[in-house]
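Colleague: I have a new model open and would like to go through it with you. Can you put it up?

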Amino acid sequence: MDSIPLNWEALDALIIDFARSENLIEDSFSSSPPPSPSPSPSSLSSASYHSRLIIRQIRRSLEVGDIDCAIDLLRLHAPFILDDHRLLFRLQKQKFIELLRKGTAEDRDLAIQCLRTALAPCALDAYPEAYEEFKHVLLAFIYDKNNQTSPVTYEWSERRRFDIAGLMSSVLRAHMQAYDPVFSMTLRYLISIHKGFCFHEGVSSPISDLTERLLLDELDPPATPKESLYEAPPFDEVDIQALAHAVELTRQGAIDSLRFTKGDLFHAFQNELCRMKLDLSVLDELVREYCIYRGIVDSGCGALSGMQNLSSSSKVNQSELEYCSSRNTSFEVDYATSKLSDGEISVSNSRVDSSPENIADVTSSQGNNEVELRYASEPTSNREDCSTSDSIHVGNSRTLQANKNCGIVERSKRKRWRGRHDDRELHDVSYSGCSKAELSTITVASTTMSKEQQNLEKHIPIDSTGKEDKYEIVLGIRELASKRLAAEVVEEINALDPNFFVQNPIFLFQLKQVEFLKLVSSGDYSSALRVACTHLGPLAANEPSLLKQLKETLLALLLPNEDFLRKGFPVNALANSLQVAFGRRLGIEEPRLMKLMRATVHSHSEWFKLQMCKDRFESLLKIDSLKEVNLPWLSTSGALLKSNSDSCIHGSSQVAKSSAVRTSEDGSSPMQASSIDAGDENAILKVMEFLALPRADAIHLLAQYNGNAEMVIQQIFA
């Protein structure tokens with residue numbers, strides 16, 4: 001099955017938004033570290049980031065058992081929590097346990113005082129079961145924390161700390177609307193659907209090594225609605241079922257979630273998504289790897305940062321440090337991606353047009369709906385290209401040499417990766433009554449993240465100057481292609497690897513298409529026809545599947561205008577595919593995040609084909625933007641669109657094929673299932689509700705009983 005194209009420019013936008021929202025990148029470069037780690041995004045983004053920092057600090061306070069500091073922070077930033085006696089009772093009960101846990105006579109007296117002045121009064125009106133829980137927790141006076149058979153084992157366990165921390169986080173996040181960045185929620189959603197789809201189809205996930213590390217099995221407890229909301233008007237069953245199946249809730253769980261948001265489906269959905277836990281160190285590692293590969297952040301500064309983090313445990317060559325220090329600025333070129341040498345910047349003498357149109361940043365094309373195409377000849381991880389990097393000499397790169405000798409025209413728009421520094425930035429939060437001793441205790445827990453971030457550097461594929469040069473070359477080729485400088489791309493690739501186009505003729509055909517269309521749009525028809533006769537014709541003669549493409553390309557002679565070239569050919573798709581294919585020739589594998597996104601977006605599409613409905617949340621999470629396809633020129637040749645990219649896609653294809661096989665073996669295909677009136681939502685929803693079935697299974701059963709929901713239910717309970 002063909003690979004689903006993905007709009008990498010849309011993913012770039014999501015990644016940049018995530019990195020900015022989490023304060024992981026900086027927009028400007030400087031020779032010295034910035035004076036303050038404080039974020040400087042827009043006021044709205046900054047407020048959301050500050051709220052998430054507060055929630056993280058409260059969470060960490062609770063996780064280390066510092067209830068007083070958590071209560072002080074709540075009193076300062078979220079007093080409504082303390083007004084809710086259900087939550088206050090849980091906090092005071094945990095405070096009582098933590099005082100006893102310290103084991104001193106003084107703390108035991110404080111625990112008794114906590115019982116009398118705080119816990120007992122709260123127990124009277126917190127919730128119906130609170131008084132029984134109050135009497136039960138008194139057993140902690142009798143049974144020691146080390147007694148594993150006592151009736152208060154759970155009360156003593158540190159697991160309870162994390163449960164109450166998760167509950168407070170859920171409530172705070174919902175009330176403050178301090179949701180995680182869109183990409184973070186999108187990733188949670190796509191991975192959960194991918195796992196569910198693979199389980200439904202009975203196949204193993206080709207990206208399980210990533211998904212298991214990234215999305216943890218644990219969930220934060222849900223934020224429960226107040227008793228006054230229990231009598232809320234009934235919600236639309238469509239909303240209940242959509243929420244329940246989107247985030248794997250029971251029907252009652254979906255109703256409670258909607259009650260908490262007073263019927264707001266999308267806020268309820270976001271609340272439930274953010275309950276899923278991501279390993280932030282793994283996520284940051286994947287994002288940084290992707291950003292370096294795509295040229296979003298500067299690889300030189302990343303290497304320097306990694307050397308600084310690892311300097312205490314290993315020796316680094318001084319010359320390498322000096323070289324990396326000189327590369328604290330990176331840049332884009334008109335003719336090729338450039339490289340700083342000894343920190344000097346000079347004017348380029350390349351022959352490329354330096355008009356504003358040509359020097360426009362490639363990321364400005366995010367809205368053009370140009371997506372990556374996968375080519376039949378694009379090399380895969382199990383073919384010969386991965387072993388050819390030794391025979392390719394980076395020194396042959398004319399663009400790299402020109403950049404070293406001549407410099408650049410403008411400074412780079414790449415960002416600087418600063419990493420996650422929550423432990424430092426949390427000190428900017430007002431702690432009110434928290435003592436220095438309390439803060440130092442909390443910092444112990446927060447330093448775990450920074451240590452993981454230091455280890456992140458070891459996984460970034462920038463390990464030498466030669467490797468970095470290869471990254472710059474590949475980014476330069478993508479830049480040239482995105483600016484429609486096809487002749488320069490061909491010249492550069494031939495200089496580096498004369499066999500590349502011999503083994504990948506379709507790439508050459510596509511580049512010559514771009515050259516042909518550019519000449520037509522400029523009015524140089526004779527040169528355009530010369531390109532067609534010299535290159536396009538012979539290539540199509542050797543590859544019959546390209547004949548139709550050649551005919552469609554020649555039609556451009558009837559519509560010679562720049563707008564036709566800009567909208568008619570997905571140049572960014574070609575540029576992205578060239579980056580992947582030629583990068584592998586240089587020994588640079590595409591980032592793991594790319595493979596993960598391909599597989600999960602593919603599973604998302606297949607899953608909703610089974611459900612025979614549209615995902616109500618895909619627009620909120622920008623999944624529809626990731627799927628935006630504009631392939632007017634390359635949509636007819638099956639060979640051209642066939643993907644041989646990597647095992648990840650092959651795995652997704654196998655999943656799709658197994659779905660088709662399963663339906664045919666059952667004797668009812670999706671086409672047969674759709675013979676029931678898909679518009680009759682009432683019957684589908686009734687079966688889903690009464691039998692607690694997924695939509696696809698409900699439709700499958702209705703197809704067997706001519707769409708009669710009552711008959712389906714009777715047969716099941718008969």
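Modeller: What follows is a short tour of the model, from the whole chain to single residues.

Colleague: Anything I should know before we start?

Modeller: This is a predicted model, where local features need pLDDT of at least 70 and side-chain atom pairs count only at pLDDT 80 or more, while totals for chains, interfaces and linings use all residues. Residues are numbered from 1 along each chain as its sequence is written, and side-chain values use heavy atoms, with hydrogens and water left out.

Colleague: How many helices and strands does the protein have?

Modeller: There are 36 helices and 4 strands. Both are DSSP runs numbered from the N terminus: helices are H or I with at least four residues, strands are E with at least two.

Colleague: And how much of the protein is buried?

Modeller: 54% of the 718 residues count as buried. Buried means under 20% relative accessible area, exposed means over 50%, and partly exposed is in between, with a 1.4 Å probe and protein chains only.

Colleague: Let's try a helix pair. How do α34 and α35 cross?

Modeller: The axes of α34 (residues 681-691) and α35 (residues 695-704) come within 9 Å and cross at roughly 115°. Axes are lines fitted to C-alpha atoms, for helices over the stretch in contact, and angles run from 0 to 180 degrees between N-to-C directions. The two helices are therefore roughly perpendicular to each other, a label for angles of 65 to 115 degrees.

Colleague: Which residues in α34 and α35 meet?

Modeller: Glu681, Ala683, Ile684, Val687, Met688 and Leu691 in α34 are in contact (heavy atoms within 4.5 Å) with Arg695, Ala698, Ile699, Leu701 and Leu702 in α35. By class that contact has 9 nonpolar, no polar and 2 charged residues. Nonpolar covers Ala, Val, Leu, Ile, Met, Phe, Trp, Tyr, Cys and Pro; charged covers Asp, Glu, Lys and Arg; the others, Gly among them, are polar.

Colleague: What about α6 and α7?

Modeller: The axes of α6 (residues 105-123) and α7 (residues 130-137) come within 8 Å and cross at roughly 145°. Leu115, Leu119, Ala120 and Ala123 in α6 meet Ala130, Tyr131, Phe134 and Val137 in α7. The residues of this contact are 8 nonpolar, no polar and no charged.

Colleague: New topic. Is Glu289 buried or exposed?

Modeller: Glu289, in helix α15 (residues 280-294), counts as buried because its relative accessibility is 11%. Its C-alpha atom is 8.0 Å from that of Arg592, 303 residues apart along the chain.

Colleague: And where is Asp236?

Modeller: Asp236 is in the loop between β2 (215-219) and α12 (237-246). Asp236 has a relative accessible area of 45%, so Asp236 is partly exposed.

Conventions:
Angles under 35 degrees count as roughly parallel, over 145 as roughly antiparallel, 65 to 115 as roughly perpendicular and the rest as oblique.
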